[in-house]
Amino acid sequence: QITTVSGNEFLFQSDIDFLILDWFHAIKNAIDRLPKEQRITSRNLEFKLRRSSSIELLNNLDTESKEPKPEHRKSLIFRLNYSASDTNDRNRIKSRLKKFISRRPSLKTLQEKGLIKDQIFGSHLHSVCEHEKSTVPQFVRLCIEAVEKRGLDVDGIYRVSGNLATIQKLRFVVNQEEKLNLDDSQWEDIHVVTGALKMFFRELPEPLFPYSLFEQFVEAIKIQDNATRIKCIRSLVKKLPRPNYETMKILFEHLQKIAAKESVNLMSTQSLGIVFGPTLLRPEKETGNMAVHMLYQNQIVELMLSEYSKIFGSEED
């Protein structure tokens, strides 16, 4: 609340501290612009600033006054000579925060000390395999085993979504390196297992089909002659890093078993291509050709399922 020299009263009210400060500085600047005579006349006036239920007296014009000001534990006291120290305090806090952030240990350091464990989801495929000393992530193997044990005949397997909350719970368990038993009753919904497997591949920083080979796979699927197309795809698959090749081989062998049960589960090679195409391969940078790319992604997966033995078999096959 402000009382002017003429006796008019104005009430400014807000719960936002910075807004109150802005008002305060604007009022101070207006007072500073007053003619010197008016400042002297109003020398002993008290300007009241009301915030919520508290009232503080601002005798800022009388800088020599030593009269104590009433205080309330919940109130904010703004004096004209307080603004500079307030700015200094804020700068000091910012400086301390910057120092604290700059001194934080790196993720690598925390991992070396065992404070943060290597994640399974969201990590590079080769990193997961190196950590497990394998060529195919254990989680991928466990999911495939579970699906082949109790999901081959399930209608819409891999197409139907599982409960997202349960999938996230499974993701958490895997990342915490807890002993995983997919036969546990909490994972009885096979769509949760398939959903988690798709999520694993979707969250790879670089997809199962590496970015560097994406355009070459797209060009290969465009080849009209089927024999030449298969030969080209096979050649590209052979170029894959070993973890990518071994994981891709076991996954496509599994999906081929799913497609073989199409009459029961209604999942054809085309349906599986639609589900897994965008999950397993994608361009590093999305362009305006997203719809076209998606068509090729689906066709690549579909062809590799249909011609699995020719693409992943030995040279003699």
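This report walks through a predicted model of one protein chain, from its overall make-up to a few individual residues.

## Overall picture

The protein chain has 317 residues, and buried residues make up 38% of them. It is built from 15 helices and four strands. The accessible surface comes to about 19,200 Å². Carbon and sulfur atoms account for 51% of that surface.

Contacts often join remote stretches of sequence. Among contacts in the chain with a separation of 6 or more, 66% are between residues 24 or more positions apart.

## Confidence

The mean pLDDT of the chain is 81. A value of 70 or more is reached by 73% of the residues.

Two stretches call for care. Over residues 40-67, pLDDT stays under 50. The model has 58 contacts beyond four places in sequence for that stretch. Residues 72-82 also have pLDDT under 50 throughout. Here the model has 23 contacts beyond four places in sequence. Where pLDDT is low, the predicted coordinates should not be read in detail.

## The nonpolar core

The largest nonpolar core contains 67 residues. Tyr158, Phe209, Phe252 and Met304 touch the most other members. In soluble globular proteins, nonpolar side chains tend to be buried together.

Phe252 shows what such a position looks like. Leaving aside residues up to four places away in sequence, Phe252 touches Phe209, Leu280, Val301, Met304, Leu305, Tyr308 and Phe312. Phe209 and Met304 also appear among the core members with the most contacts to other members.

Tyr158 is another of these core residues. It sits in the loop between α6 and α7. At 0% relative accessibility, Tyr158 is buried. Its backbone is worth a look too: phi is positive, about 80°, although Tyr158 is not a glycine.

## Salt bridges

The structure holds seven salt bridges. Side chains of opposite charge can pair when their charged atoms come close. Three of the bridges are set out here.

| Pair | Closest N to O distance |
|---|---|
| Asp183 and Lys149 | 3.1 Å |
| Lys261 and Asp153 | 3.3 Å |
| Glu219 and Lys222 | 3.3 Å |

Take the bridge between Asp183 and Lys149. The pair links distant parts of the chain, 34 residues apart. Asp183 is in the loop between α7 (164-175) and α8 (190-202). Lys149 belongs to helix α6, residues 138-150. Asp183 is partly exposed, with a relative accessible area of 45%. Lys149 counts as exposed, at 60%.

Lys261 and Asp153 form a salt bridge as well. This pair also links distant parts of the chain, 108 residues apart. Lys261 lies in the loop between α11 (242-260) and α12 (262-265). Asp153 is in the loop between α6 and α7. Lys261 is partly exposed, at 32% relative accessible area. Asp153 is partly exposed too, at 45%.

Glu219 and Lys222 complete the table. Glu219 has 45% relative accessibility and counts as partly exposed. Lys222 is partly exposed at 35%.

## Cysteines and disulfides

A search of the whole structure finds zero disulfides. Two cysteines can be placed by their exposure. Cys129 is buried, with a relative accessible area of 2%. Cys232 is partly exposed, at 27%.

## The loop between α5 and α6

Thr135 lies in the loop between α5 (125-132) and α6. Not counting residues up to four places away in sequence, Thr135 touches Cys129, Arg242, Pro243, Glu246 and Thr247. One of these, Glu246, is 111 residues away along the chain. Even so, the C-alpha atoms of Thr135 and Glu246 are separated by 6.3 Å. Cys129, another of the residues touched by Thr135, is the buried cysteine described above.

Lys133 is in the loop between α5 and α6 as well. Its phi is near 55°, a positive value in a residue other than glycine. Lys133 is exposed, because its relative accessible area of 77% is over the 50% cut-off. Tyr158 also has a positive phi, but Tyr158 is buried.

Note on methods: Residues are numbered from 1 along each chain as its sequence is written. Side-chain values use heavy atoms; hydrogens and water are left out. A nonpolar core is a set of buried Ala, Val, Leu, Ile, Met, Phe, Trp, Tyr and Cys residues joined through side-chain atoms within 4.5 Å. Buried means under 20% relative accessible area, exposed over 50%, partly exposed in between (1.4 Å probe, protein chains only). Contact means heavy atoms within 4.5 Å. Helices (H or I, at least four residues) and strands (E, at least two) are DSSP runs, numbered from the N terminus. Accessible areas come from the Shrake-Rupley method with a 1.4 Å probe; for residues, only the protein chains shown count as cover. pLDDT is the predictor's confidence in each residue, from 0 to 100. A disulfide is a pair of cysteine sulfur atoms within 2.5 Å. A salt bridge is a side-chain nitrogen of Lys or Arg within 4 Å of a carboxyl oxygen of Asp or Glu.
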